[in-house]
Amino acid sequence: MRLSWVRVLTVLSICLSAVATATGAEGKRKLQIGVKKRVDHCPIKSRKGDVLHMHYTGKLEDGTEFDSSLPQNQPFVFSLGTGQVIKGWDQGLLGMCEGEKRKLVIPSELGYGERGAPPKIPGGATLVFEVELLKIERRTEL
């Protein structure tokens, strides 16, 4: 009987280890990036320092929409990798092509953290963004 308990504990330990690996170190969840639409011709991919023109819709995990650029048909323009947006965007939009669409699932650590962005985004919220890269402006090196 004792041997079977050792097996049960071993299996349980392996399962818990697998869960810890999937969520990352210290229980933190990782950024998930899904490509929703690829483009055939991609002469330039987004990189740190590029100015991006994006359409986006942001939702909470339960589907509640908290923001979108689509109703105003006004793209959001920012510089990638410079801290102008949440870390999940700075990381999740690297290597994108003009015309590409992605779905980003951003853990709170790469979003608004435990404080959130009241009143629409509660603390600890995982964010889900559908994004489309409309245009890349690349600054030429001097």
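The protein chain in this predicted model exposes about 9,300 Å². Carbon and sulfur atoms supply 55% of that area. As for the interior, buried residues make up 35% of the 142 residues in the chain.

Let me turn to the fold. The protein chain holds two helices and six strands. Read from the N terminus, the order of these elements is α-β-β-β-β-α-β-β. Among contacts with a separation of 6 or more, 65% are between residues 24 or more positions apart.

I now come to the aromatic residues. How many aromatic pairs are there in the count? The count comes to eight aromatic pairs. I should like to examine one of them, F76 with W89. The ring centres of F76 and W89 lie 6.0 Å apart, and their planes meet at 70 degrees; because planes over 60 degrees apart count as edge-to-face, this pair is assigned to that class. The pair links distant parts of the chain, 13 residues apart: F76 belongs to strand β4, residues 76-79, while W89 belongs to helix α2, residues 87-92.

Are these two residues buried or exposed? W89 has a relative accessible area of 4% and is therefore buried, the limit being under 20%. F76, by contrast, has a relative accessibility of 32%, so F76 counts as partly exposed.

Finally, which residues form one aromatic cluster? The members are Y56, F66, F76, F78, W89 and F129. Both partners of the edge-to-face pair just described, F76 and W89, are thus listed in this cluster.

Notes. Residues are numbered from 1 along each chain as its sequence is written. This is a predicted model: local features need pLDDT of at least 70, side-chain atom pairs count only at pLDDT 80 or more; totals for chains, interfaces and linings use all residues. Side-chain values use heavy atoms; hydrogens and water are left out. Helices (H or I, at least four residues) and strands (E, at least two) are DSSP runs, numbered from the N terminus. Buried means under 20% relative accessible area, exposed over 50%, partly exposed in between (1.4 Å probe, protein chains only). Contact means heavy atoms within 4.5 Å. Accessible areas come from the Shrake-Rupley method with a 1.4 Å probe; for residues, only the protein chains shown count as cover. Rings of Phe, Tyr and Trp (its six-membered ring) pair if their centres lie within 6.5 Å; planes under 30 degrees apart count as stacked, over 60 as edge-to-face and the rest as tilted.
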